[in-house]
Amino acid sequence: MNIDDQILFFLSALGVFNSVVLSFYFLFFKHHKAQSDLFLGLLLLSLSVRIGKSVFYNFNPQLSKTYLQIGLSACFLIGPLLYFYVRSILQNLNYSFAKYSLTLIIIIISVLGFLFPYKDNPVLWKGIIYYLINIQWFVFIVLSIYEVRQIFRKLVTNRKQISYHETWVLSVIFGVSAIWLSYTLAKYTSYISGSLAFSFSFYISFLLIYYVKSKTSVSVTHKEKYINKIDEKLVKEIHEQISILFETRKIYTNPDLTLSILAKELNIRPQLLSQFINDNLKKSFTQFINEYRIDEAKRLLKENTQFKIDTVGFESGFNSSSTFYSSFKKITGMTPSNYQKDNFYS
């Protein structure tokens, strides 16, 4: 392998290695994991398998056909995982449907691979199966873009309103789209282009995310002043950040949510957040969060009548039934069961 090939291999493999590490972080080591983290970790792992196969096959054409089959099989999961990741970020994912769909896809891939292994049917895998992979992948990219159409609109009309987490979503969609396009055009360019696109997208995404997060942090921190009253412009900015965070991730449903955790998510000092809630909203942190949890509980009581009352409380972020009942009655003036009955008969 000459020096040019060595550099090419290094650049391609580096993105794969970092992606594997990051996927393990989201799957096993990240604190306060959300559903979206699970799908993002699996997406990165599937991409790593697919890209890794390309890297090693490009520099070693004698690679076992089993690895080629595994690499292509992973492609069937990329599109669905992207779509489920996007929907989980937007908090409109049916987790059971996603779980059973992925299980069904894995079963179909396994049966297909067992009945028609790559080593005995290379023409089938390079032909029909390869085209089915690209079509399915593209369909899920389109569906994912449709799901985040509001964020794309915001990208065109007012980029300053795009949050850190929305930047994550856009980066993942753009990255997966770039990889799909690279493999689709591989016959006209180079087989290794997909791997390079992956590495490029991987690092560009992280630079973009780091920039947005740093900008948000600097923007808020720069305006913080050690004065008794928070500046009105800063109050509005904190309020908008909380609204975006709560709308996109519903972090208040985490029963272990604390003021420090929320402040970290918003990239501001806990003292500033506490002052904002106490002085500007005239509430305690517990009351502030519980109001959002009760709104979520009211929505669940209306839309999911099959849920038990206790289940609604836990789904809304309360860590005990007694706290849920007392908070619900304090805020709404009635018990959860009476609220459900009134809305059922109305």
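Here are four exercises on this predicted model, each with a worked solution.

A few ground rules: this is a predicted model in which local features need pLDDT of at least 70 and side-chain atom pairs count only at pLDDT 80 or more, while totals for chains, interfaces and linings use all residues. Residues are numbered from 1 along each chain as its sequence is written, and side-chain values use heavy atoms, with hydrogens and water left out.

**Exercise 1.** Work out what secondary structure the protein chain has and what share of its residues is buried.

Solution. Start with the DSSP runs, numbered from the N terminus (helices are H or I, at least four residues; strands are E, at least two). The chain gives 15 helices and zero strands. Next, burial: buried means under 20% relative accessible area, exposed over 50%, and partly exposed in between (1.4 Å probe, protein chains only). Of the 346 residues, 46% are buried. Now turn to contacts, meaning heavy atoms within 4.5 Å. Take those between residues at least 6 apart in sequence: 68% of them join residues at least 24 apart.

**Exercise 2.** Place serine 88 and decide: buried or exposed?

Solution. First find helix H3, residues 65-89; serine 88 sits in it. Then check the relative accessibility: serine 88 counts as buried because the value is 6%. Finally, skip the neighbours within four places in sequence, and the contacts of serine 88 are Gln35, Ser36, Phe39 and Leu93.

**Exercise 3.** Find which residues make the nonpolar surface patch that includes Leu143.

Solution. Recall the recipe: patch residues have over 30% relative accessible area and no salt bridge (a side-chain nitrogen of Lys or Arg within 4 Å of a carboxyl oxygen of Asp or Glu). Like charges are joined within 9 Å, and nonpolar side chains (Val, Leu, Ile, Met, Phe, Trp, Tyr) within 5 Å. The patch then consists of Tyr131, Ile135, Phe138, Val139, Val142 and Leu143, and covers about 530 Å². Leucine 143 belongs to helix H5, residues 122-147. With a relative accessible area of 34%, leucine 143 is partly exposed.

**Exercise 4.** Look at lysine 250 and lysine 282: what is phi in each?

Solution. Begin with the background: most residues other than glycine have a negative phi. Lysine 250 has a positive one, near 45°, and lysine 282 has a positive one near 60°. Now locate them. Lysine 250 is in the loop between helix H9 (232-249) and helix H10 (259-266), and lysine 282 is in the loop between helix H11 (270-280) and helix H12 (285-303). Last, accessibility: lysine 250 is buried at 15%, whereas lysine 282 is exposed at 66%.

Notes
Areas by Shrake-Rupley, 256 points an atom, 1.4 Å probe, with all protein chains shown as cover.
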